[in-house]
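The exercises below concern aromatic rings and the contacts they make. Work through each task before reading its solution.

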Amino acid sequence: MAIFKLNVNGKSREVDVDPSTPLLWVLRDHLQLVGTKYGCGIAQCGACTVHLDGYAARSCQTPVSSVGKQAVTTIEGLSEEGDHPVQQAWLEHDVPQCGYCQAGQIMSAVALLKAIPNPSDEQIESIMSGNICRCGTYTRIKAAIKSAAEKSK
Amino acid sequence: MMLGFSWLAGCKPTAGMKASELPKEWFEINGFLKIAPDGQVTIMSPNPEIGQNVKTSMPMLVAEELDIDWKQVVVEQAPLNTSIFKRQLAGGSQSIRASWQSLRMAGATARQMLREAAAQAWQVPLSEVTAKQGVLQHVASGKKASYGEMASAAAKLEVPKEVQLKNSQDFTIIGTSKKNVDGPKIVTGKPLYGLDIYKEGMLIAMIVHPPAFGMKFKSMDATSAKQMPGIVDVFTFKTYEEGYSKSAFDNTAFNELVVVVGKSTWEVMNAKKAVRVEWEPISDSTEEMDLFGRKMTVRTPAGLESSETHQAKMAEMGSMPGKVVRRDGNPEEVFANAARILERNYSAPFLAHNTMEPMNFFANVTADKAELVGPIQTPEFLEKSAAARLGLPLEKVDIQMTRMGGGFGRRLYGHFLVEAAVISQRMKAPVKLVYTREDDMTFGTYRPSYYATYRAALDANNRLIGFHVRAGGVPESPLAANRFPAGAIDHYLAEEWTIESNITVGAFRAPRSNFIAAAEQSFLDELAEAMGKDPITLRLELLERAKKNPVGENNDYDAARYAGVLELVREKSGWDKGIVPQGRGVAAYFCHNSYVANVVDLEVKEGQPIVHKVYCAVDCGIVVNPDAAINLSEGGLVDGIGHALYSSLTFKDGVPQQRNFDQYRLIRHGEAPRSIEVHFVKNDTDPTGLGEPPFPPVFGAVANALYKATGKRYYHQPFFPAIG
Ligand code: FES
Ligand code: FES
C-alpha cells in the first residue's frame, strides 16, 4: 500500500492503495466516482474512459502509480451543471439506450473534438472505434458528435 | 416535502368493493402514481429497464389517461411488488403490450377520482367537471383547481367502478417523442446501475468457476489467497441446494463455486488468481425442474464438448429425418416428382450476451430479512429462489431493480442474485458480487448453436410446389413450424431435432427467431432467384396466397400486415427504381407480435463489409414513443448486423475460446451502418413488441446483400469472423 495524491475533477484527493491498482477502481471503490464504468478491464471497450490532462485514457489500464500530477477528469467533472456541449448534444439526440457505455463514449467524444474540432465521419468512426456500445447507438453517437462540433463553431 | 397520496395504500381491493365489475388487472396496478400538492406527479415504472425505454414509455401511458403535462411527471422505478404490479419482467418484448390496458386504466382512474373530488368540493355535477393538462375546471361557475389541490381529497374517495379510456385520436402524449427520463443522469455519470452500489461496510465478492463446461469443483487450496491484502475470506458454496426444484430462470452450469471476499475490487481480483482449485469431470445427471408449472426431468450429459464436434454432429443430424412438427399435403411425393430441388444448409454459432455491464448483485442478508438490489429481468421468479435458498419467507425478501447495463435475455437467468444472497448470508455482511468480463463471458447461458436445412421443390415450369425445413441445434431447435412460409404452400414439411449438451443456454434477443429468420430469408432469396422472380415479389405472392386461401389452420401470422411492411420497405428504399451501387438485400420476419422488413445496402471493400444504409419498416401497432422506438430499432439492426458478421463463441474440450473483447468480436463504430431509416406502418392496432422484432430479419438482409455485392452466398454465421 502507498499513499497517492491525485488531482481529480479539480480537487486534490488522497488514497492509500496498492500501486498497481488501476485508476478505474480507485475512482469507483475509493473516491465514490462511479460514473466511470468497468466493461472489460483490458482497454478493449472504452467504458472506463477518463481524461488525463485532457487526453482520453483507459482508466482500467492506468495504474494509479502512473497518474502523478496529471489532472484526472471523469464524467462527473466534465461540467458543473451537466451542460457540456457534448452532454447537451447527447440529450438532444437522446442517444442512450441502456446507457452503460455512454459516459465512456462522451469522454472519448470530448477528447476527439478537442483534437479535431470539426471531424469527418471517417475520423469519428476510427477514433470512436475503441468504445463499444452493445446496444448499438453508434449512428446517434455520430450525429451527436456532429451537432456538438457544429455548435462549438 | 412531498405530501402525495399513495395508491399503494389507497387502492387495494377491499371486502366492500365489488371487484367483479372491474377488470382484474385494475386492482393490481394501483401503486402507479402519487400527486403532490404542487401538481407534480410521480409515476412508478413497474418493469425492469434494460435499455428498451420502458421507464419512459410505460409511465407515458399512465400520464396520457391522467391527462397531465409530461413536464410535471417524475418517474420512479417501482420495487418488486406483485400485489400491485403485474408481470414485472423484461422479456419477450411484452412490457408495453401486456400493460397497454392496465397502465392507461391506472391513469384514467386517478383522473376520474380527481374530477369527483372537484365535483364534491364545488357542489356541481361530475359530468360538468373537465380534467385536462393537470387542471380541473367547471366552466359554468368558472371554478378551477390544479390536480395537486384536489389530490388529498381524491385519495380519500372510493375507487370508481368504471372509467372511460381515451380514443387514440385524442392522445396527446402517446405518439409524441419523449426523451429518456434517465438521460440527464446517464450523461452526468450518476449511480444508476447495480455495479454502482456502494454501501457502508460493503464487501466485494468474486467467484471462481470451472474453466470448462463438463467440469465441477473438486478441492481447493486458498492459503495464500487468504493472506493477501484486503481479503476477508475464501470459501465454496452451492448456489442451489440439492433437490431444489428450479424454475427456467434458475439455469446455471456451475452450481458449486469458489468465492473470494474482500474489501476492494482490485484486491479481490488479484486474490482470485492466487486460489488453487482442482476441478473434476461431471457425470451424467438428471434433475427435476419446474418449467412454468410443468414438472420436467432435465438431463445433463457428461463430457468436454468442442465446436468442431458440434458442427459435425449438426450436419449429420441435418441429413437424417427429424421429428415431424407440421405436414401439409403430401410433401414427400411432391419432392419425389419435382423437376428441380433446391437444397441449402445454414448454421450459426453459440453467442454470449455480453451486456456491457457484467453480471453483479448487491445483497444484505440478515437473520430475518434479505435486501437484494441489482440488475434482474425476472425479479418475481428469483425472489422465490432466494427465499427458498435463504430459508426466509417470501415477504422478507425485498428485491429492488436497478437500471440495467443491457439485458438481451441474459438477466432473465438470475443465479448471480442467489449467489450474492448466499454469500452475504454466510458473511453476515452487505456484499456486492461482481463478475469480471471473463467470468461473464465464460459462465454460460448462451444463445444456442443452430443448423437448418431448407429444401424447395419446383415443377418443370419453375413453380414452387413443395417446401421442406429441417432444423435443430445444440441443445434446442430454432424451428417455428407455423410461421411463414407455412400456410402459403400446399405441400409443406417441417421437422426438428436436438443434440444434448452440458453447455447452458438461454433466451437471447428474439430467441430462435434470431437464427431461423436468417436461414429462411436467405433461402427465399435464393429461391426467388432460381424461380426468376424479384425477392419481394415472391414473398408478396406467397403472402397473397396465405391471405386468400391459407393452407392449414395454425398459421401464426397476419399475412396482410406481413405484406404491409414489405410494401413499405419497398417504397421507402426505392426498391423498384432500380440499381444501388452496392449490394442490396431484403428480408422480412414476424415475431413477438410485430412485423419488420429490412433492406440493407452494403459493399465489400478490401475483404471487409461496409454497410451504407439500412431501411427498416415496422408494424408494431400504435407507436408510443416514436423517437425512442426508432432508437430501439436502430439498436436492433446494429446488433443484428454485428452478430451476423462478426460474433461467435467457440469451445474446445469444454473451454470457451473467447474470454474478453480482444477475442470476442462485437460490432464497433466504424462497422455500424452509415445511416439507418426507420419507418412505422401507421395504424390503430394496440401496440406490440419492439425490443426484439427488428433484430432477426436483418441477418437475412445482410446475407442477401452480401450475395449481391460479392456473387457469393453466405450460409454460415458469422460471415466475417476474424478479429479485424
Ligand atoms: S473497462 Fe477499460 S476499456 Fe473496457
Ligand atoms: S447504450 Fe447500452 S451499451 Fe451503449
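A charge counts as sitting over a ring if NZ of Lys or CZ of Arg is within 6 Å of the ring centre and within 35 degrees of the ring normal. The model examined here is predicted.

**Exercise 1.** Find what lies over the face of B:F335, and at what distance from the ring centre.

Solution. The residue over the face of B:F335 is B:R455, at 4.5 Å from the ring centre. A further case is B:R713, whose charged end sits over the ring of B:Y707, 3.6 Å from its centre.

**Exercise 2.** Classify the pair formed by the rings of A:W25 and A:Y38, and locate both residues in chain A.

Solution. The search of the whole structure gives 36 aromatic pairs over all chains. For A:W25 and A:Y38 the ring centres are 5.3 Å apart and the planes stand at 45°, so the pair is tilted. A:W25 belongs to helix α1 (residues 23–30), whereas A:Y38 is in the loop between α1 and β3 (49–52), and the two are 13 residues apart. Both A:W25 and A:Y38 are buried.

**Exercise 3.** Do the same for B:F254 and B:F443, and state which cluster contains them.

Solution. The centres of these rings, B:F254 and B:F443, are 5.4 Å apart with planes at 80°, so the pair is edge-to-face. B:F254 lies in the loop between β10 (246–247) and β11 (256–262) of chain B, and B:F443 in the loop between α13 (437–442) and β21 (449–458), so the pair ties together parts 189 residues apart in sequence. B:F254 and B:F443 are both buried. Ring pairs link them into a cluster with B:F213, B:F350, B:Y435, B:Y446 and B:F651.

How values were computed: Residues are numbered from 1 along each chain as its sequence is written. Chains are lettered from A and ligands numbered from 1 in the order in which they are written. This is a predicted model: local features need pLDDT of at least 70, side-chain atom pairs count only at pLDDT 80 or more; totals for chains, interfaces and linings use all residues. Side-chain values use heavy atoms; hydrogens and water are left out. Rings of Phe, Tyr and Trp (its six-membered ring) pair if their centres lie within 6.5 Å; planes under 30 degrees apart count as stacked, over 60 as edge-to-face and the rest as tilted. Helices (H or I, at least four residues) and strands (E, at least two) are DSSP runs, numbered from the N terminus. Buried means under 20% relative accessible area, exposed over 50%, partly exposed in between (1.4 Å probe, protein chains only).
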